[in-house]
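Reader: I am new to this structure and would be grateful for a close look at a single part, the place where the two chains meet, followed by whatever else helps to set it in context.

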Amino acid sequence: MGTRERKAMPWGAGLDRASGAIVVREDQFSDLRNVYLTNGRAELRKGLARALVTADGSDLLGVWPIRAQGLAGAVTYNTADRKVKLWAIDSTGTVANYITTLWTLNALATLPPSVIAADSYDKLVIAHDEPILGLREETYVFAPADGTVEPLLADFARTGTPVAVRFRGVARHLNYLVGWGYGTSAEEDRPETLRISEAGEPTNFKPEHYFLVGAQGDPIVGVGYCGGALAIMKIADSAKLIGYDRATFGIRPLDPAYGMLGSRLHASVNDEFYFWSLTGPRYSTGDASNDLGSPLALEGVSPDVIEGTTPKDKGFAYFDATNREVVFVFGQWAYVLHLRDGAKKWSYRTFGHPLVSAGSLYLGGSIILAITAHPEPGAVAFADATYVGADTLPKLTVPWTIVGGAVTTERCEVWMKSHRTGSTWSRRGSYLATDLTATVPVEDFWQTYDIALRFVQSGYAALAYSDTYNPGGWPGVSQATHDTGGEVVSWLSEGFVRFDISDIGFVMDAKGPGDPGGGNALMDITFTVEISADAGATWTALTSGLNLLESSAVAVGNALALTTQRFRIKANGPVGSSAWYETPDMLVAPENTGFLVVGPTDIPGGPNTGADTHALTWGSPPDINGFPQPDGPFDIRARHRDRPDSGGVLVGAYSAIQVVAEGVHATTAAAPGYDPSTGVGRRYEAQIRVNRFHAPTGMTDVSPWFLGVIDEA
Amino acid sequence: MITPQLVVGRGGGVPAMLAVGVGYEDDDVAYELLGRSAAWAPAGTGGECAFHSLYVTTRHFEDDVSLFVTTYIDGVPLPEVARITLVGVPLSMGEQQVHEIALSLPYAPAGVELLRYAPRGTWIIVQIETKIVDGFGTAAKQMVDGVECEYEVVQETKVNV
């Protein structure tokens, strides 16, 4: 018997399942799981703590930081409906707000899908990593700052019309975004194509800025940073994109013998690019790759049945900077390459659940707090408006209460939809949730409005309130319905005009209903116009159901020319009508504007005896309906009357007609005295006509009267 | 302050985001440490040893942990699986310990140990693992520095490596 000896078997080394029994070192392992390896020590690895669960989905396909926003984008997949949804994760890593459904995948697509995304310049570009082009969905751009998710558009075929691009993957490289696997709209299936965006413009791709990598039809699987270049990995070989800008970019071979098995099976650590090839893990520093996997003896007996649960090409890799390890994950099983001490050592790792993706959050950026409360509307009220300015609209006052939780910086959005045909939901305003009320402009009068409220935080709402195409689908407790009114209608005529030989009328300028913002929007509003020749004692419908625009013409008929009439108007909406708006008595005189100029009275403030006179001047007669008129002789008459604009109704008699010779353009004229109404002003009206009228057929040989007025008091 | 946090996405029906490196469970599911050394022949591949003892060096922290040590001689596990119970100590301190595990067995007729005999063989494999037993789980910070094996060469190898 010999002496007793003691020999140490330190635990800092990794797996070695490949070396022969005679040469394997005593500090190496045939099985080693769930450890961090350091120099001469193994430590039980730490765990995975649940940070959040999205409100929908069965797999969290990926998490990508949007560093410029301090947020992250996450993508989930639901096996039940094959929907792929986008979520925004706040920088606390505890809140996921639903953004939109990116795709509903074809049942024949690779399921569960793979998604590759990259953030660049505060945008997240999201690609469907589907090898078959016909099953691949459009690439999307999520811009949190703009609150938009839109397809990535480009005109690679130079048709003049940008179309949606279907990259198989995207990655950020230097100041660029690269996308691969898509040719042009004319020849989409070019999986060997690598396109490069404009510098600093990740969504702007020029058609000519691309490379064809390797053999045509041999797809690019993935890319990654490698020794100062961009490794471009195919299944069985690889290339690299060298250079730093458009002038220096070029494609060179990287490793003609080894490629990458799956699109996400890679991780870059400094200049080293670690990837999983057809034969196992390898790494490159910019040249032909080196084998890493021999200690694992992957061709030998599997260390555990769990290893086979996920196909190798569906795995993914990530670098854990804290523990200096590259982890190749295949469901619940992982191969861990420990780099802490400079040596590359392997161990296995088992997870409590299947993992499908990895990413990083940058905690401490902008904050999105969970939205726990929701708004419930109170008693909505219609607030009419005075139509002083063209942009003055009536409003609905919408109060709300905060239900189900507390609010901090949430805002309350008020969405409305009129029952008018063609009206769609739109956001009418955003207010602090703590305001508890909002006064929101509306455009439809005597109409029913649907109202929906929601709370948003940094632009994101709770899932139930996320569909902005149909706020009517939000929870019913946050909705209301209310009818608008609109009792104020004003009507300003631009004066009576001649429409044609046989008809005269006026152009209405209705303020209020039908005049939102001063535009000519056509609403479900009709107007009823009535006319009275007896100062409002009896009314006759002039028009009814007039679908009035801002400047609608209303005919009164030629027979009413130079008669005094009174008009009234009301607006009718689907759920009510306005009060009547009534004009003073008006002289229906279409061709009187500006021709006859009346001077002031020669007895200011004088009696109503008719002793005063006014100087009248005029020019050559205007054309009437295109007929030039002779320059006289002229008939002139005058009268006094109450000022209609101050409510007066009494009208004095006309004077006898005074004849003025041809070519003369001035005279003086007195009007008979009259007994005016008390408390109203007095007006002097003079009229002039051509009594050798060149009339069209059907009219007399005198022209219509031209009116001139001046207020004496 | 911006602090990167590595996260992983869970599949299998629960779209959860899991923070990496937090606690000692995987989203409420325990996992176990396992280390099985490569087969080692102290006396060479043709030699033979009597294996007397193992000395397991550990460092552990706050919570209680059980380590189970299984020794294989020529691929056959010894019937006795040693259990090392590490009682928690404050996290900031940790506690370094060396645990002696006797591989030799007593010969004690009538309750009186007359002699001890050690297992003999060429190859030795040491396996250390945690198990969830008797309330002692894996949820604790723990380190294994290594194992020392005390043996006696019975026959040297004739193989010259």
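Author: A term is needed at the outset: a residue is called exposed if 12 or fewer other C-beta atoms lie within 10 Å of its own, and buried if 20 or more do. The model under discussion is a predicted one.

The meeting of the chains comes first. In chain A, 67 residues are in contact with 58 residues of chain B. Several strands of chain A each supply at least two residues of the side that touches chain B, including S1 (4–10), S5 (48–53), S28 (316–320) and S30 (345–363). The largest share of that side comes from S30(A), with 14 residues. By residue class, the side of chain A that touches chain B consists of 31 nonpolar, 22 polar and 14 charged residues.

Strand pairing also links the chains. S5(A) is joined to strand S2 of chain B, residues 16–20, by 5 bridges, and the two run antiparallel. Within this pairing, A:Val53 has B:Ala16 as its bridge partner.

The interior may be considered next. In soluble globular proteins, nonpolar side chains tend to be buried together. Here the largest nonpolar core holds 168 residues, and A:Ala317 and B:Val7 are the members that touch the most others. Strand S29 of chain A, residues 325–338, gives this core its largest share, 10 residues. Beyond its neighbours within four places in sequence, A:Ala317 has contacts that include A:Leu265, A:Tyr274, A:Trp276, A:Val327 and A:Phe328. Another core, of 16 residues, lies apart from the largest one; among its members are A:Val598, A:Ile636, A:Ala686 and A:Val690.

Some details of the backbone remain. Most residues other than glycine have a negative phi, and most peptide bonds are trans. In chain B, B:Asp27 has a positive phi near 50° and is not a glycine. B:Asp27 lies in the loop between S2 and strand S3 (34–37) of chain B, and it counts as buried because 20 C-beta neighbours lie inside 10 Å. B:Ala110, also not a glycine, has a positive phi of about 60°. This residue belongs to the loop between strands S9 (105–107) and S10 (115–117) of chain B. Because B:Ala110 has 5 other C-beta atoms within 10 Å, it is exposed.

In chain A, the peptide bond from A:Leu111 to A:Pro112 is cis, with omega near -10°, and A:Pro112 is found in the loop between strands S9 (96–104) and S10 (115–120) of chain A. A:Gly632 and A:Pro633 are likewise joined by a cis peptide bond, with omega about 0°.

Notes. Residues are numbered from 1 along each chain as its sequence is written. Chains are lettered from A and ligands numbered from 1 in the order in which they are written. This is a predicted model: local features need pLDDT of at least 70, side-chain atom pairs count only at pLDDT 80 or more; totals for chains, interfaces and linings use all residues. Two residues are in contact if their C-beta atoms, placed from the backbone, lie within 7 Å. Helices (H or I, at least four residues) and strands (E, at least two) are DSSP runs, numbered from the N terminus. Ala, Val, Leu, Ile, Met, Phe, Trp, Tyr, Cys and Pro count as nonpolar, Asp, Glu, Lys and Arg as charged, and the others, Gly among them, as polar. Two strands pair if DSSP finds at least two bridges between them. A nonpolar core is a set of buried Ala, Val, Leu, Ile, Met, Phe, Trp, Tyr and Cys residues joined through C-beta atoms within 7 Å.
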